[in-house]
Amino acid sequence: MTAELYDWPSVPVARLYGRLTRVNGLLLEAVGCRLGTGDRALVECRDGEYVEAEVVGFHGDTLCLMPISHTTGLMPGARVMPIEASYRVPVGPGLLGRVLDGLGEPMDGLGPLSAVHQVTPSRQTPNPLQRQPICQPLDVGVRAINALLPVGRGQRLGVFAGPGVGKSVLLGMMTRFTEADVVVVGLIGERGREVREFIEQSLGEEGRRRAVVITAPADTPPLMRLRAMRLCHQIACQFRDEGKQVLLLVDSLTRYAQAQREIALSMGEPPATKGYPPSAFAQLPSLVEMAGNGSHPQGTLTAFYTVLAEGDDPSDPVADAARAILDGHFVLSRKLAEAGHFPALDVNASVSRLASQIAPQAQLNAISALRQLLGRYQEVRELLPLGGYQPGQDAQLDMAVSAYPSIADFLKQGTQECHTTSASLEQLQQLLEQIGHK
């Protein structure tokens with residue numbers, strides 16, 4: 001009698017799993033699994049639940065894993081089961097108006113995602129020779145930026161400031177006023193209370209319809225913050241490659257570097273600069289280069305990253321690294337903020353590296369004239385209260401001192417005011433005519 005006559009029961013394929021051997025701070029160590037860096041696994045907890053973790057390194061036969069959520073109830077010898085399915089993220093028009101966590105799961109209580117499809121995350125940056133050039137100006141609705149620091153579609157810029165100077169407020173203004181088909185907002189490592197405030201006050205009902213918000217607050221594990229940052233860029237790049245005009249706003253790039261620092265230090269990597277290991281800076285270019293224009297002739301991706309200067313130190317290592325890889329930076333001044341000047345934009349300390357490519361010569365001349373006046377005023381600003389400045393000795397300096405109140409009024413703007421590029425340039429020309437600059 002042959003075996004084909006028998007209905008043999010199917011024998012399930014054995015599932016291999018490893019064992020948890022050590023918990024060292026944020027790091028989980030396991031043996032018995034054959035996994036590579038970037039692979040995922042489920043770690044068993046005492047209550048029968050499982051927590052997802054990702055392989056971030058190894059030493060010998062021991063794997064080093066980092067959990068993506070808070071862990072309780074881990075035990076010696078707990079099972080570590082590899083996840084065979086690849087990690088995928090949702091993309092598509094169904095994301096508009098939704099709030100997601102770092103895994104792409106909805107957090108807004110509006111039910112499961114619809115009109116989306118899952119794709120494998122790609123970390124490849126566009127071929128530099130296939131990127132579309134930046135030649136179109138972008139109207140962000142902020143007068144000081146439109147007139148004096150013009151931004152191009154596809155540019156990547158940083159907003160540099162210390163804590164409490166108005167970075168998030170400026171981002172909120174640009175979120176509401178910028179001309180874009182899709183706005184992707186990443187709130188990475190910031191205070192949890194700011195998420196709802198940003199959605200309800202900065203975005204509003206109308207702005208939320210064209211926006212996707214990805215959030216990973218400060219209390220989430222570092223790996224979740226890294227995933228949330230990558231998810232922001234993956235979603236924004238997908239819309240860009242479909243021919244959309246995309247605006248990416250990330251608050252903040254510093255928290256991303258700090259999350260990378262936490263992981264690297266847990267792995268035993270030695271700190272190099274002010275507590276940051278080398279890998280924390282190596283990750284920044286690969287992230288930022290995902291943004292910008294791609295090969296699609298109509299699609300653009302303009303990105304703004306907030307950069308927290310610890311202690312208002314302009315030589316902060318993350319700020320230095322970001323300044324070198326971005327296409328410009330806006331500096332917010334604490335002195336201006338303390339004087340009630342908002343947005344607290346220090347024009348002379350800020351720069352848009354593509355201004356000469358997207359702005360007409362008349363605007364460039366006006367920008368140069370106003371910068372000169374601001375620079376001359378800064379020379380004697382501290383002498384004015386002391387009576388150390390004597391007018392009548394330098395005509396240009398006298399003009400700068402007398403014109404500064406008008407210039408300061410021009411640079412101020414309410415959070416609910418919107419000034420288009422054309423209106424900003426017209427007001428800039430009127431300002432120069434008013435102060436008599438030729």
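The exercises below, each with a worked solution, look at helices, strands and one arginine in a predicted model.

Residues are numbered from 1 along each chain as its sequence is written, and side-chain values use heavy atoms, with hydrogens and water left out. Because the model is predicted, local features need pLDDT of at least 70 and side-chain atom pairs count only at pLDDT 80 or more, while totals for chains, interfaces and linings use all residues.

**Exercise 1.** Work out how helix 11 and helix 12 are oriented, and which residues make the contact.

*Solution.* Two packed helices are described by the angle between their axes and the distance between the axes. Helices (H or I, at least four residues) and strands (E, at least two) are DSSP runs numbered from the N terminus, and axes are lines fitted to C-alpha atoms, for helices over the stretch in contact, with angles from 0 to 180 degrees between N-to-C directions. The axes of helix 11 (residues 395-411) and helix 12 (residues 421-434) come within 10 Å and cross at roughly 175°. Helix 11 is therefore roughly antiparallel to helix 12, since angles over 145 degrees count as roughly antiparallel, under 35 as roughly parallel, 65 to 115 as roughly perpendicular and the rest as oblique. In the contact (heavy atoms within 4.5 Å), S406, I407 and F410 of helix 11 meet S424, Q427, L428, L431 and Q434 of helix 12.

**Exercise 2.** Find the relative direction of helix 4 and helix 6, and then the strands that helix 4 lies across.

*Solution.* The axes of helix 4 (residues 222-241) and helix 6 (residues 278-288) come within 11 Å and cross at roughly 20°, so the two helices are roughly parallel to each other. Here M229, R230 and H233 in helix 4 meet Q283, S286 and L287 in helix 6. Helix 4 also lies across strand 3 (40-44), strand 4 (50-59) and strand 5 (62-67), running at about 90° to strand 4.

**Exercise 3.** Describe the barrel and the pairing of strand 1 with strand 2.

*Solution.* Six strands form a closed barrel in the order 1-2-5-4-3-6, with antiparallel pairing, where two strands pair if DSSP finds at least two bridges between them. Strand 1 (residues 18-24) and strand 2 (residues 27-31) run antiparallel and are joined by five bridges, and R22 stands opposite E29 in strand 2.

**Exercise 4.** Decide whether R98 is buried or exposed, and what its side chain reaches.

*Solution.* R98 is found in the loop between strand 7 (89-91) and strand 8 (99-100). With a relative accessible area of 8%, R98 is buried (under 20%, against over 50% for exposed and partly exposed in between, with a 1.4 Å probe and protein chains only). The side chain of R98 reaches the backbone oxygen of G111 at 2.6 Å.

Terms used. A polar contact is a pair of N or O atoms within 3.5 Å; within protein, one must be able to donate a hydrogen and the other to accept it, and residues adjacent in sequence count only if both atoms are side-chain atoms.
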